[in-house]
Amino acid sequence: MFGINDTVQYGTTGVCRITDMVSKNFDGKLIRYYVLKPIHQTNEVVYVPVKNERLVAKMKKLLSAEEIEALVRDIPRCQIDWIEDDSARQTAYQAIVSNGERRELLGLIRVLYLRQRALKERHRHLRTADEQLLKTAEKLINDEFSAVLHISPEEVVPFITKRLGETASE
């Protein structure tokens, strides 16, 4: 169970603060909700029914700074394979984004980035759907890492790059 002022990762919305728990009457039923405010989209509010297990399961406790450090050190082993079939790739990669498991998200970012770089060398680019998946995965990682590490989302990639450089030189 979560409480007011807890910070969570919520689905593809990103990092949110639980600002309140309210009860609302819908069709004669009183339903209790978590009120989530995304930390990087100040105009948005998300209501999550407390008793809806599927939606509450999308609320994940943020990683600790130590867990992030360990995860970054492990990026070279975060392997997701490129799937040639567009439809199968979109299905598989969208499942990774929806699941929100950070190790898989980093593997997804890695495979899409490597594919993007290879295509750029041939003066081509990622398909729009792949670009969107990359942006969503990056947003989720950047939001969480920036919230936990107290850095801006723009500082996340340099942070990861620096840590990977330190790991490579060890």
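Is T136 buried or exposed? With a relative accessible area of 19%, T136 counts as buried, because the limit for that class is under 20%. The legends below describe a predicted model, beginning with the whole chain and then turning to single regions.

**View 1. The chain as a whole combines 6 helices with 5 strands.** Read from the N terminus, the elements follow the order β-β-β-β-α-β-α-α-α-α-α. The C-alpha trace spans about 60 × 40 × 25 Å along its principal axes, and among the 170 residues of the chain 36% count as buried.

**View 2. Helix α5 covers residues 128-149 and is followed by H150.** The helix has 22 residues and, at 1.5 Å a residue, should span 32 Å; its end C-alpha atoms lie 31 Å apart, which agrees with that expectation. T136, the residue of the opening question, has its place in this helix. Computed along the sequence T136 and E69 are 67 residues apart, and from C-alpha to C-alpha they are 21 Å apart in space. After the end of α5 comes H150, which has a positive phi, near 60°.

**View 3. E66 sits in helix α2, which is made of residues 65-73.** With 60% relative accessibility, E66 counts as exposed. Along the chain E66 and L149 are 83 residues apart, while their C-alpha atoms are separated by 9.8 Å. L149 is the residue at which α5, residues 128-149, ends, so this view places a residue of α2 beside the figure given for that end of α5.**View 4. An aromatic cluster is formed by F26, Y33 and Y47.** The structure holds 4 aromatic pairs. One of them joins F26 and Y33 in an edge-to-face arrangement, with 6.2 Å from centre to centre and 75° between the planes. That angle counts as edge-to-face because it is over 60 degrees. The two partners fall into separate accessibility classes: F26, at 42% relative accessibility, counts as partly exposed, whereas Y33, at 11%, counts as buried.

**View 5. D27 lies in the loop between β2 (14-26) and β3 (29-38).** Most residues other than glycine have a negative phi. D27 is not a glycine, yet its phi is positive, at about 50°. At 82% relative accessibility, D27 counts as exposed.

**View 6. H123 lies in the loop between α4 and α5.** The phi of H123 is near 60°, which is a positive value in a residue other than glycine. H123 counts as exposed, with a relative accessibility of 76%.

**View 7. The largest pocket has a volume of about 480 Å³.** Its lining is made up of 15 residues, and those that lie nearest the centre of the pocket are I109, R110, Y113, I160 and L164. The elements that contribute two or more residues to this lining are α4 (102-121), α5 and α6 (156-169). Sorted by class, the lining of the largest pocket consists of 11 nonpolar, 2 polar and 2 charged residues.

**View 8. The second largest pocket holds about 160 Å³ of space.** The residues that line this pocket are W82, E84, D86, R89, R115, L119, R124, H125, L126, R127 and D130. Two or more lining residues come from each of the elements α3 (86-99) and α4. Sorted by class, the lining of the second largest pocket has 3 nonpolar, 1 polar and 7 charged residues.

**View 9. C16 and C78 are two buried cysteines in a structure that holds 0 disulfides.** A disulfide is a covalent bond between the sulfur atoms of two cysteines. C16 has a relative accessible area of 0% and is therefore buried, and C78, with a relative accessible area of 2%, is buried as well.

How values were computed: Residues numbered from 1 in each chain as written. Predicted model: local features only at pLDDT ≥ 70, side-chain atom pairs only at ≥ 80, totals over all residues. Heavy atoms only, no water. Phe/Tyr/Trp six-rings, centres within 6.5 Å; stacked < 30°, edge-to-face > 60°. Buried < 20%, exposed > 50% of the residue type's maximum accessible area, 1.4 Å probe, protein only. Expected span 1.5 Å × (residues − 1). 1 Å grid on protein atoms, 1.4 Å probe; cavity = no way out; pocket = protein on both sides within 12 Å on 5 of 7 lines; lining within 4 Å. Points joined across faces, edges and corners; volume = space filled by probe spheres on them. Nonpolar A, V, L, I, M, F, W, Y, C, P; charged D, E, K, R; others polar. Disulfide = S-S within 2.5 Å.
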